[in-house]
Amino acid sequence: VGQNLIKLLEVDSTNNFLKVLVSNSEPLTEGTVIMADKQFAGRGQQDNVWHAEPGLNLTFSLFLKPSFLPVGKQFLLNMAVSIGIRNALQSFVKEGIRIKWPNDIYFGDQKMGGVLIENILSGSTYKAGIVGIGINVNQDRFDPSKLKSATSLKEILQQDVNLIELLAEICSHIEKQYLQLKAGSYQQLMDDYVSGLYKFNEPAAYRQNGEVIEGRIIEVTESGLLGILTNGELKHYNFKEVEFLNY
Ligand code: BTN
């Protein structure tokens, strides 16, 4: 992962760029990374816009071919990638990096990164997984009107971090987790994912269908459902069905 690196000065979105290469059946080596200094139409989850100051942050997409993964188990790829990012960031920041379900990267109660995976299926197998990753690295000013609460590695460490070194660290940690996935170590991945999960087993408030519910996250299933224990009852939620209150 990351052996082939295509560096762009400016692009709409590295995910879009990679998607065009894949749909034109360009010969691409698995593990190829497209990174950009500047994205003018960076995309986040749920049709959000991804903002990042040019030149200061990591915005890249990774080309994977998880054809070994049965459809329906795509979420395990999210898990592998999120764990890889968390582990890589932990080699810079020792404590406090968490994965916020489904695949945000948090430090304390602040967002420092996110993942947008777009799966290209052909029939019942994967043609490609386009893994878009945005990490706030050396940006130290965030527009409060754009993001609820954001932070960066620089804000945490009080020093600049070399983008290419960080990219290499993230790629090597993702590769490690991806090999686990390939080997079918699903339980291990699920365990590692929840062990780094934001608000895991902590009482917290969530909004569901306009209603506030109180409970504790006690599991995330293989298919990515969030299991919240509320009033002694375990309920499972899909991405759009539940949101964290206040964060
Ligand atoms: C999120 O937290 O909502 C996901 C953010 C993902 C952003 C990255 S930046 C590189 C890649 N290209 C995009 O347009 N989006 C992803």
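Helix H1 (14–23), strand E3 (58–64), strand E6 (110–122) and strand E7 (125–135) each contribute at least two residues to the shell around the ligand. The model that shows this arrangement is a predicted one. In total, 20 residues surround the ligand, and the closest are Ser13, Gly44, Gly114, Gly132 and Gly134. By character, the shell around the ligand consists of 13 polar, 5 nonpolar and 2 charged residues.

Two of the elements that supply the shell, H1 and E3, can be followed into the strands beside them. Strand E1 (residues 5–11) pairs with E2 in the parallel sense, over 6 bridges. Within this pairing, Ile6 has Ile34 of E2 as its bridge partner. The connection between the two strands passes through H1: the chain crosses from E1 through H1 to E2, in a β-α-β crossover that is right-handed. Strand E2 (residues 33–39) is mostly covered, with 5 of its 7 residues buried. E2 also pairs with E3, where the strands run antiparallel and are joined by 3 bridges. Ile34 appears here again, standing opposite Ser61 in E3. Ile34 of E2 is thus the bridge partner of Ile6 and stands opposite Ser61.

Further along the chain is a hairpin, which joins E4 to E5 through 3 residues. Strand E4 (residues 97–100) and strand E5 (residues 104–107) pair in the antiparallel sense over 4 bridges. One residue of E4, Ile97, has Phe107 in E5 as its bridge partner. Which residues of E4 make up the covered face, and which the uncovered one? Ile97 and Ile99 lie on the covered face, whereas Arg98 and Lys100 lie on the uncovered one. In a regular strand the side chains alternate between the two faces of the sheet. The residues of E4 follow that pattern, with Ile97 and Ile99 on one face and Arg98 and Lys100 on the other.

At the level of domains, the chain is divided into domain 1 (5–195) and domain 2 (204–244). The centres of domain 1 and domain 2, taken over C-alpha atoms, are separated by 24 Å. Contact between them involves 11 residues of domain 1 and 7 residues of domain 2. On the side of domain 1 that touches domain 2, helix H2 (75–90) and helix H5 (186–195) each supply at least two residues. H5 gives the largest share of that side, 4 residues. The residues of this side of domain 1 divide into 8 nonpolar, 2 polar and 1 charged.

The last part of the description concerns a second sheet region. Here 5 strands form an open sheet in the order E11-E10-E9-E8-E12, with antiparallel pairing. E11 and E12 stand at the edges and each has a single partner strand, so one side of each is left without a neighbour in the sheet. Strand E8 (residues 204–208) and strand E9 (residues 211–220) run antiparallel and are joined by 5 bridges. Among the residues in this pairing, Ala204 has Gly215 in E9 as its bridge partner.

Asn238 is found in the loop between strand E11 (233–237) and strand E12 (243–244). Is Asn238 buried or exposed? Asn238 is exposed, because it has 11 other C-beta atoms within 10 Å, and a residue counts as exposed at 12 or fewer. Asn238 and Leu153 are 85 residues apart along the chain, and their C-alpha atoms are separated by 30 Å.

Key:
Residues are numbered from 1 along each chain as its sequence is written. This is a predicted model: local features need pLDDT of at least 70, side-chain atom pairs count only at pLDDT 80 or more; totals for chains, interfaces and linings use all residues. Domain bounds come from an automatic or database domain assignment. Two residues are in contact if their C-beta atoms, placed from the backbone, lie within 7 Å. Ala, Val, Leu, Ile, Met, Phe, Trp, Tyr, Cys and Pro count as nonpolar, Asp, Glu, Lys and Arg as charged, and the others, Gly among them, as polar. A residue is near a molecule or strand if its C-beta atom, placed from the backbone, lies within 6 Å of it. A residue is buried if 20 or more other C-beta atoms lie within 10 Å of its own, exposed if 12 or fewer, and partly exposed in between; C-beta atoms are placed from the backbone. Two strands pair if DSSP finds at least two bridges between them. A crossover is right-handed if, with the strands pointing away from the viewer, the path from the first strand over the helix to the second runs clockwise.
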